[in-house]
Amino acid sequence: MRGLFQSLFRLRFGSRMKQFEGIPGPIPCYPLGTLGEFRRNDPWEVCAEYGKTYGGMTLIWMGGRPTLVLNDPQLIGEVLITKVDDYYKDYPIKALKPVLKNTLFNLNPPQWTGLRKPHSHPLLIEEYDQWLRSQFPVVKKVIDKHLTSMLADNNELQLIDRMQRLFFEIFNTIVCGSGFEDGGFENFYAISVMATNRMKVPQSLLIPPIRPSFHKAMRLHYGAYEKAVMKARQKPDPNAHDLLHVFLRQGTKIPDVQIVDFLSEFHAGGNISAAAGVVNTLHLLDGNPKIANELYAQLAQMTQRGSEFNLASMEQVPLLDHVLRESLRMIPPIVIYGRSVRKDRTTTLGDREIPPDTAVLICTQTVQRSASHWKDPDTFNPGRWAHGGVEANPIGSDYFFPFGRGPRICAGAEMAMLCMKTILASILSRAAVKTSGPFKGVLHCGVIETPELKGRLVPHSHS
């Protein structure tokens, strides 16, 4: 029977299949193609298996649409860097459009290019690095407030929920100021759930959201940023150092409605993924007590004068940075994402000519655990980042790109790294986090998070 459906697929899509002859992959069946493969495991795990079975490029079929799964850093580099103009972002743009509006994440050139120029995006302000470093005490103040609450809670915590709420307040505070009246975490979360549900539906079947609660959440969420921009325009505070005020003081010609979209983008682009990065790190440390104890000892030296520490002292604990990088290497929050060949041209990928509008899936975790580059790739070993490891594998390099690669690398990567390290330093300098429950990943806005994982904060004896 299976052979019959395979023959039917060749009969229906034979001319299209000839364009990809020679590229290995599972045999498609009519009418789903190879979609049945994804019933046996999580999609990111299936794509990782393809790398082991078929090599760096695998041909699969989403129904009648050919899709290339890439598990090779050089091929991925062609798509994201050397031939980036031959590709565009397709899925899940239609699914996200009612939620994200116009952002760097979900636009294609030329609109994307226009918003990636100086004075066109808050993350492109002059002396951005200096501004970001100045936000350390602001970030830490928010963390300390949440940490006090977590330490007082004797029950197990739902880690991903706590971290997402923490990042929500951090981003709002450094972007819009400490007096910002946000639209509420629940409204943001409702929007993100709608986006997640829409990403599960074929794009051709999507219709505009009709649920009244979603539209109410959108009004409240975006309305908070509209009020913040209006207030900053009408009553600018010359002493305010949040990103919105700094951006407006430096001058910009983009309309306020676009600034509102940018402000909301920080959550869509970073809240869920950064929170997952912190939770994954806490889970890995709990499973590796020797490394955790070494980090606790170094953090204890950092806080010898009490619970207060600054950015300079935190940077004197390189193990903290190495632990986070190793976590992002082993369990990148975004393990798979896509591009498509432009509709108006063919391109070459490796030594193959690829037809227009061919979908491409890029697998992060497979490359970041490649045995050809990493020694004992499935072992949690922060020591691999010492003695030149960071310099040899900077963020966005061939074998380490948890924030993407090339010109479309996440613009907020530095902000996310600073916040994640500060959260980890603040928590782990005062307590160990003992995790329990299944470390089972589910997709939330394209990010793999673990909602069933619980955590209990156990204060250190010296705290």
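This is a short tour of the structure in your viewer, moving from the whole chain to a helix, a single glutamine and a group of strands. Keep in mind as you go that the model is predicted.

**Stop 1: the whole protein**

Start with everything selected and shown as a cartoon. You are looking at 18 helices and 12 strands. The radius of gyration is 23 Å, close to the 23 Å that the globule rule gives for 463 residues, so the protein is as compact as a globular protein of that length. Turn the C-alpha trace along its principal axes and you will find spans of about 70 × 55 × 40 Å.

Now switch on a surface. About 21,300 Å² is exposed, with carbon and sulfur atoms supplying 54% of that area. Of the 463 residues, 54% count as buried. If you like contact maps, take the contacts between residues at least 6 apart in sequence: 72% of them join residues at least 24 apart.

Colouring by charge picks out 53 positive and 44 negative side chains. The centres of these two sets lie 5 Å apart.

**Stop 2: helix α11**

Next, select residues 243–250, which form helix α11. How many of its 8 residues are buried? The count is 6, so to speak a mostly covered helix. Show side chains for Leu243, Leu244, His245, Val246, Phe247 and Leu248 to see the buried ones. Then bring in the surroundings: the cover over these residues includes α6 (128–134), α8 (159–176), α10 (212–234) and α12 (256–286). Before leaving, click on Gly251, which follows α11 and has a positive phi, near 95°.

**Stop 3: Gln368**

Jump to helix α16, residues 364–368, and pick Gln368. Is this glutamine buried or exposed? Its relative accessibility is 0%, so Gln368 counts as buried. To see what is around it, leave out residues up to four places away in sequence and display its contacts: Leu328, Arg329, Pro332, Trp374, Tyr399, Phe400, Phe401 and Pro402.

**Stop 4: strand β12 and its partners**

Finish with β12, residues 454–459. Which strands should you add to the selection? One is β4 (residues 157–158), which runs antiparallel to β12 and is joined to it by 2 bridges. Another is β9 (residues 431–436), paired with β12 in the antiparallel sense over 6 bridges.

Centre the view on Lys454 in β12. Gln158 stands opposite this lysine, and Ser436 stands opposite Lys454 as well.

Terms used:
Residues numbered from 1 in each chain as written. Predicted model: local features only at pLDDT ≥ 70, side-chain atom pairs only at ≥ 80, totals over all residues. Heavy atoms only, no water. Buried < 20%, exposed > 50% of the residue type's maximum accessible area, 1.4 Å probe, protein only. Helix = DSSP H or I, 4+ residues; strand = E, 2+ residues; numbered from the N terminus. Contact = heavy atoms within 4.5 Å. Rg over C-alpha atoms; globule rule 2.2 N^0.38 Å. Areas by Shrake-Rupley, 256 points an atom, 1.4 Å probe, with all protein chains shown as cover. Lys, Arg positive; Asp, Glu negative; His and termini not counted. Charge placed at Lys NZ, Arg CZ, Asp CG, Glu CD. Pairing = 2+ DSSP bridges.
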